[in-house]
Structures are given as C-alpha cells and as structure tokens.
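Okay, thanks everyone, let's get going. I'll put the structure up and then walk through a few spots in it.

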Amino acid sequence: MYHNLATLIAKSHQNLATFNSLVILPMSFLCGTFFSASSVPTIFQYALYLFPLTHSGLCIRASALGWAFPWASLLVLIAFGIAFYAIDVYLLKTRKV
C-alpha cells in the first residue's frame, strides 16, 4: 500500500530506496511479523496499530492458527486500501506521471 504512494511521490530511485530503508524495512520487523504486537510495551502498541502490516499480520496469524478472526483489523485494512487508492488516483489525475 505504502509503496504505490511512495513511487508516485519519489522524484528519483534514490528517494524510493531511502523510503524503503526508513519505512518499509523497520515496519516489516516491528509490526508483529516475527512476534506478537502485544509483547511490546503499551505505548509502542498504539504506534504499531497505525501501520497496516500489523493488522494484516493479525488476520493471517488468526487464519493460520484457528484463532478468532479479528474483523476490526480487516475493516482497518479495507480502510487503508481505500485511502491509499484514493490518494493514488488523486496523484495520478493531478500530475503527469
């Protein structure tokens, strides 16, 4: 989701590589991909739930392990998808890409 928006905003390949290094890579390690987000201190949990990868990890983990499905996380993912789609369409219509 973030990557599409980053490619529309980035002015060079270096800017996109910087975005990947500063946003995508840390997000992949910190958003509950390798550990449960509930194991971090509470103040950081609030920050982690602002990223879509945390919610997708919760949905995948619940589906794979047979836990109760987190429907709220699915709704958050749908909201993220709609928001980023709308931003991408806006950027494509207002710029020559």
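So, start with Cys-31: its relative accessibility is 1%, so it counts as buried, the cut-off being under 20%. Keep in mind that this is a predicted model. The other cysteine I want to show you is Cys-59, which comes out at 7% relative accessibility and therefore also counts as buried.

Now, two buried cysteines, and you'll want to know about a bond. How far is the sulfur of Cys-31 from the closest cysteine sulfur? That closest sulfur belongs to Cys-59, and the separation is 14 Å, so a bond is ruled out by distance. For a disulfide we'd need the two sulfur atoms within 2.5 Å. Going from the other end, Cys-59 has its closest cysteine sulfur in Cys-31, again at 14 Å and too far for a bond. The disulfide count here is zero.

Let's stay with Cys-31 for a moment, since it's part of the lining of the largest pocket. What else lines that pocket? You've got Leu-22, Val-23, Pro-26, Met-27 and Leu-30, then Phe-35, Val-40, Phe-44, Leu-48 and Phe-51 along with the cysteine. How does that lining divide by residue type? It's 11 nonpolar, with no polar and no charged residues. The space in there is about 150 Å³. As for which helices contribute, α2 (13–30) and α3 (42–48) each put in at least two residues, and α2 has the largest share, with five.

Next, over to Cys-59 and its helix, α4. Cys-59 is one of the buried residues there, together with Pro-52, Thr-54, His-55, Ser-56, Gly-57 and Ala-62. I also checked the length of α4, residues 52–65: with 14 residues at 1.5 Å a residue, it should span 20 Å, and the end C-alpha atoms are indeed 20 Å apart, so that agrees. Right after the helix comes Gly-66, and its phi is positive, near 75 degrees.

Last stop, Ser-12. You'll find that one in the loop between α1 (2–9) and α2. Buried or exposed, or something in between? Ser-12 has a relative accessible area of 34%, so it's partly exposed. And if you draw a line from the C-alpha of Ser-12 to that of Pro-41, you get 37 Å, for two residues that are 29 apart along the chain.

That's my tour, so over to you for questions.

Terms used. Residues numbered from 1 in each chain as written. Predicted model: local features only at pLDDT ≥ 70, side-chain atom pairs only at ≥ 80, totals over all residues. Heavy atoms only, no water. Helix = DSSP H or I, 4+ residues; strand = E, 2+ residues; numbered from the N terminus. Expected span 1.5 Å × (residues − 1). Buried < 20%, exposed > 50% of the residue type's maximum accessible area, 1.4 Å probe, protein only. 1 Å grid on protein atoms, 1.4 Å probe; cavity = no way out; pocket = protein on both sides within 12 Å on 5 of 7 lines; lining within 4 Å. Points joined across faces, edges and corners; volume = space filled by probe spheres on them. Nonpolar A, V, L, I, M, F, W, Y, C, P; charged D, E, K, R; others polar.
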